[in-house]
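Thank you for making time this morning. I would like to walk you through a structure that is new to most of us, going slowly and staying with what the model itself shows.

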Amino acid sequence: MYPTRHKAEEILVEAVQCNPGPWEAHSRVAARCAKQIAEACQGINAEKAYVLGLLHDIGRKFGVKHLGHVYDGWKYMLACGYDEVAKICLTHSFNEGKLEGYIGRFDITEEQTEEIRHALQDTELDDYDKLIQLCDSIAAAEGVVDMEVRMEDIRRRYGSYPQSKWDKNVELKEYFDRKAGRDIYEIVRKTES
């Protein structure tokens with residue numbers, strides 16, 4: 001279950017009032033990219049992709065956090081009854097499907113960390129999870145950027161970027177290039193729709 005686009009917009013606007021920041025623009029770029037790539041692929045609902053992209057970082061509503069934004073978004077969306085959005089909040093930072101690949105501080109309790117670890121182990125990634133992971137890796141607040149530029153920015157800000165996570169992002173791009181039948185950069189650099 002996921003909200004309508006209109007409801008998702010309301011949720012984001014309300015969240016940004018609680019914690020303003022560039023994450024709003026990043027979320028909107030990710031949503032636009034997800035919608036455009038979904039439109040170019042068979043079997044992916046573009047409106048659903050947009051909503052999932054828009055709300056993937058909704059845990060930022062609760063303050064400036066690292067792993068905490070994953071946990072907070074996951075729990076918030078579960079409490080709202082939006083299980084499919086909750087799954088994306090959980091999976092978007094883990095393109096390898098494991099907690100150890102997280103870049104940033106572990107700023108939640110040990111119990112919460114274990115909750116995330118077990119939930120990831122029990123979660124099978126689908127095309128929506130993969131799509132939002134891809135879009136998260138090309139969406140900057142200023143607009144679409146080359147994946148390598150975004151990963152270098154994260155490496156600079158956090159001090160590292162695991163090669164296996166880097167390689168997985170490249171693999172995700174290649175996967176969606178094949179699904180779309182062309183380079184996804186050609187798709188997402190179109191004017192906003």
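Let me begin with the make-up of the lining of the largest pocket, which by class has 15 nonpolar residues, 12 polar ones and nine charged ones. Please keep in mind throughout that this is a predicted model. The pocket in question, the largest one, has a volume of about 920 Å³, and 36 residues line it. If you want to find its centre on the screen, look for Arg60, Arg150, Ile154, Arg157 and Tyr158, which are the lining residues that lie nearest to that centre.

Which parts of the chain supply this lining? At least two residues each come from helix H2, residues 23-40, from helix H7, residues 127-138, from strand E1, residues 139-140, from helix H8, residues 147-158, and from helix H9, residues 163-180. Of the contributors, H8 gives the most, with seven residues.

While we are on H8, let me point out Val149, which is found in that helix. With a relative accessibility of 48%, Val149 counts as partly exposed, because it falls between the 20% below which a residue is buried and the 50% above which it is exposed. Val149 and Ala25 are 124 residues apart in sequence, and their C-alpha atoms are 17 Å apart in space.

From there I turn to H2, where Ala34 has its place. Is Ala34 buried or exposed? Its relative accessible area is 0%, so Ala34 is buried. Leaving aside residues up to four places away in sequence, Ala34 touches Ala49, Leu131, Ile132 and Cys135. The C-alpha atoms of Ala34 and Arg155, on the other hand, are separated by 24 Å, with the two positions 121 residues apart along the chain counted as their separation.

One of those partners, Ala49, is also among the buried residues of helix H3, which covers residues 46-55. Nine of the 10 residues of H3 are buried, so this helix is largely enclosed by the rest of the structure. The buried ones are Ala46, Lys48, Ala49, Tyr50, Val51, Leu52, Gly53, Leu54 and Leu55. They pack against H1, H2, H7, helix H4, residues 67-79, and helix H5, residues 83-91.

Let me dwell on one of those neighbours, H1. H1 and H3 pack at an angle of about 5°, with their axes 10 Å apart. Because an angle under 35 degrees counts as roughly parallel, H1 is described as roughly parallel to H3. On the H1 side the contact involves Arg5, Ala8, Glu9, Ile11 and Leu12, and these meet Glu47, Tyr50, Val51, Leu54 and Leu55 in H3. By class, this contact has seven nonpolar residues, three charged ones and no polar ones.

Ahead of helix H1, which covers residues 5-18, lies the segment that holds Met1. Met1 is exposed, as its relative accessible area of 59% is over the 50% cut-off. Even so, Met1 touches Gly81, Tyr82, Asp83, Glu84 and Val85, not counting residues up to four places away in sequence. The C-alpha atoms of Met1 and Ala86 are separated by 9.4 Å, although the two residues are 85 places apart along the chain.

Finally, I would like to show you two residues in loops. The first to consider is His66, placed in the loop between H3 and H4. At 15% relative accessibility, His66 counts as buried, because the cut-off for burial is 20%. Again leaving out residues up to four places away in sequence, His66 touches Tyr102, Gly104, Arg105, Asp107 and Tyr158, and Tyr158 is one of the residues named earlier as lying nearest the centre of the largest pocket.

The other is Asn95, in the loop between H5 and helix H6, residues 110-121. Asn95 has a relative accessible area of 2% and is buried. With the same sequence neighbours set aside, Asn95 touches Leu125, Gln133, Lys165, Lys168, Asn169 and Leu172. The C-alpha atoms of Asn95 and Trp166 are separated by 9.4 Å, and these residues are 71 apart along the chain.

Definitions and conventions:
Residues are numbered from 1 along each chain as its sequence is written. This is a predicted model: local features need pLDDT of at least 70, side-chain atom pairs count only at pLDDT 80 or more; totals for chains, interfaces and linings use all residues. Side-chain values use heavy atoms; hydrogens and water are left out. On a 1 Å grid over the protein atoms alone, a cavity is a set of points where a 1.4 Å probe fits but cannot get out, and a pocket is an open set with protein on both sides within 12 Å along at least five of seven lines; lining residues have an atom within 4 Å of a point. Grid points are joined across faces, edges and corners, and a volume is the space filled by probe spheres set on the points. Helices (H or I, at least four residues) and strands (E, at least two) are DSSP runs, numbered from the N terminus. Ala, Val, Leu, Ile, Met, Phe, Trp, Tyr, Cys and Pro count as nonpolar, Asp, Glu, Lys and Arg as charged, and the others, Gly among them, as polar. Buried means under 20% relative accessible area, exposed over 50%, partly exposed in between (1.4 Å probe, protein chains only). Contact means heavy atoms within 4.5 Å. Axes are lines fitted to C-alpha atoms, for helices over the stretch in contact, and angles run from 0 to 180 degrees between N-to-C directions. Angles under 35 degrees count as roughly parallel, over 145 as roughly antiparallel, 65 to 115 as roughly perpendicular and the rest as oblique.
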